[in-house]
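User: I am new to reading protein models. Can we go through this one step by step?

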Amino acid sequence: MPRLPAPPLPRALRPKPRRPGEGTVPIDPVEAVAEAGITVVDWLDERTSLSPGVRWLLFRKVPRGINWAYTLGSATMFAFLSQAVTGVFLAMYYEPNVQGGAYESIRNINDNVFLGQFVHGMHKWGASVMIILIYLHMARVFFFGAYKYPREITWIIGVVLLILTMAMGFTGYLLPFDQRAYWATIVGVNINGTGPFIGPYLSDFLRAGPEFGATTLSRFYAIHMLLIPGLMAALIGFHLYLVTKLGISAPPWLKAEEPEEAVQVVEV
Ligand code: HEM
């Protein structure tokens, strides 16, 4: 794949040309404040050399004719981040204890904790929003043919992300530990058990044994808040690396053009 030339620095970060005599007269305070941002960026960059990486990630050429459907991947990512942040706050009050602790801790979050019901609601409804967004994003990629060469691996990682997102929904459903959560999970685990070859092993793994017991809840909690989110964060990182490296695919209705004409520079 031909390497694209480095995109120009955004105007705000370009150093201003020096005026004659500058440096000898006192600096205008307004200008000094305006340039403070540049100084901070310079200071950081001198020590970390991070700016080429940030420019590689953010200042990319995008194909002509892209539309709102191309924002669905970022919307899914935002839903994931929102779930992660609200989940951290819920975990501060949640107790994975089957002797009434789990159920009571959710009641406590809803009734007593400051903004608890709001954060719990965001997490609960956010789960459905994320599922809807991920399917819409996948549909966009499929109908625009964006899964084809050279983006096959981006697609395959997407499929794994889809499975993990649904596994998050499944493992999260048990956590309130009310009647609905309990019986829905029994049904779900039994359905898993009917799968060919690995089915029985999978249901034993999920139950943490042959019977649904106290450790089942701890297992679901650990999978829900440590195992899957960690995997997803790593896979989303790789997904985005590939999206950045390969560039966004052009809409299928655009006629093939010479590379120089098919792209336009987006300057921020
Ligand atoms: C947590 C889930 C996911 C996140 C956060 C995510 C994020 C993104 C983002 C930000 C983009 C670039 C912008 C865009 O095209 O919308 C993208 C592109 C892409 N995604 Fe996803 N994605 C996810 C799931 C999936 C799934 C389930 C699939 C397919 C099975 C998929 C396949 C792709 C492909 C092939 C591209 C490249 C599209 C192109 O170049 O036009 N992604 N993804």
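The questions below start at the metal and move outward to helices and loops.

User: What kind of model is this, and what values does it use?

Analyst: This is a predicted model: local features need pLDDT of at least 70, side-chain atom pairs count only at pLDDT 80 or more, and totals for chains, interfaces and linings use all residues. Residues are numbered from 1 along each chain as its sequence is written, and side-chain values use heavy atoms, with hydrogens and water left out.

User: Which histidines coordinate the iron atom of the ligand?

Analyst: Donors are N, O and S atoms within 2.8 Å of the metal (3.2 Å for Na, K and Ca); water is not among the atoms, so sites may look incomplete. Two NE2 atoms sit at 2.1 Å from the iron. They belong to His137 and His239.

User: What is the arrangement of the six donor atoms around the iron?

Analyst: Six donors count as octahedral if opposite donors are over 155 degrees apart and all others between 65 and 115. Ideal angles for six octahedral donors are 90 or 180 degrees. Here the six donors subtend angles of 87 to 180 degrees, so the arrangement is octahedral.

User: How many residues apart in sequence are the parts that this histidine pair ties together?

Analyst: Helices are DSSP runs (H or I, at least four residues), numbered from the N terminus. Histidine 137 lies in helix H5 (residues 116–143). Histidine 239 lies in helix H9 (residues 214–246), so the pair ties together parts whose separation in sequence is 102 residues.

User: Is histidine 137 buried or exposed?

Analyst: Buried means under 20% relative accessible area, exposed over 50%, and partly exposed in between (1.4 Å probe, protein chains only). Histidine 239 is buried. Histidine 137 is also buried.

User: Which residue offers a backbone oxygen 3.1 Å from a polar side-chain atom of histidine 224?

Analyst: Histidine 224 is in helix H9. It is buried, with a relative accessible area of 12%. Contact means heavy atoms within 4.5 Å, and beyond four places in sequence histidine 224 has contacts including His123, Thr171 and Leu175. The oxygen at 3.1 Å is from methionine 168.

User: What is the distance between the side chains of threonine 86 and histidine 123 in their polar contact?

Analyst: A polar contact is a pair of N or O atoms within 3.5 Å; within protein, one must be able to donate a hydrogen and the other to accept it, and residues adjacent in sequence count only if both atoms are side-chain atoms. Threonine 86 is found in helix H3, and at 6% relative accessibility it counts as buried. Its side chain makes a polar contact with that of histidine 123, at 2.9 Å.

User: Within what arc do the buried residues of H7 fall?

Analyst: Helix H7 (residues 179–193) has 15 residues. Its buried residues are Ala181, Thr185, Gly188 and Val189. The arc is that of the directions from the helix axis to the C-beta atoms. Seen down the axis, these buried residues line one face of the helix, because they fall within an arc of 95 degrees.

User: Which exposed residues are on the face of H7 turned away from its buried side?

Analyst: The buried side of H7 has cover that includes helix H6 (152–174), helix H8 (199–207) and H9. The face turned away carries the exposed residues Gln179, Arg180 and Ile191.

User: What does H6 reach from its first C-alpha to its last?

Analyst: The expected span of a helix is 1.5 Å times one less than its number of residues. H6 has 23 residues, and 33 Å is expected. The model is close to that, with a reach of 34 Å.

User: Against which helices do the buried residues of H6 pack?

Analyst: The buried residues of H6 include Ile157, Leu161 and Met168. They pack against H5, H7 and H9.

User: Which peptide bond is cis, with omega near 0 degrees?

Analyst: Most peptide bonds are trans. Proline 150 is in the loop between H5 and H6. The cis bond runs from tyrosine 149 to proline 150.

User: What is the phi of phenylalanine 197?

Analyst: Most residues other than glycine have a negative phi. Phenylalanine 197 lies in the loop between H7 and H8. It is exposed, with a relative accessible area of 79%. Its phi is positive although it is not a glycine, at about 60 degrees.

Notes:
Four donors count as tetrahedral if all angles lie between 85 and 135 degrees; four count as square planar and six as octahedral if opposite donors are over 155 degrees apart and all others between 65 and 115; anything else is irregular. Helices (H or I, at least four residues) and strands (E, at least two) are DSSP runs, numbered from the N terminus.
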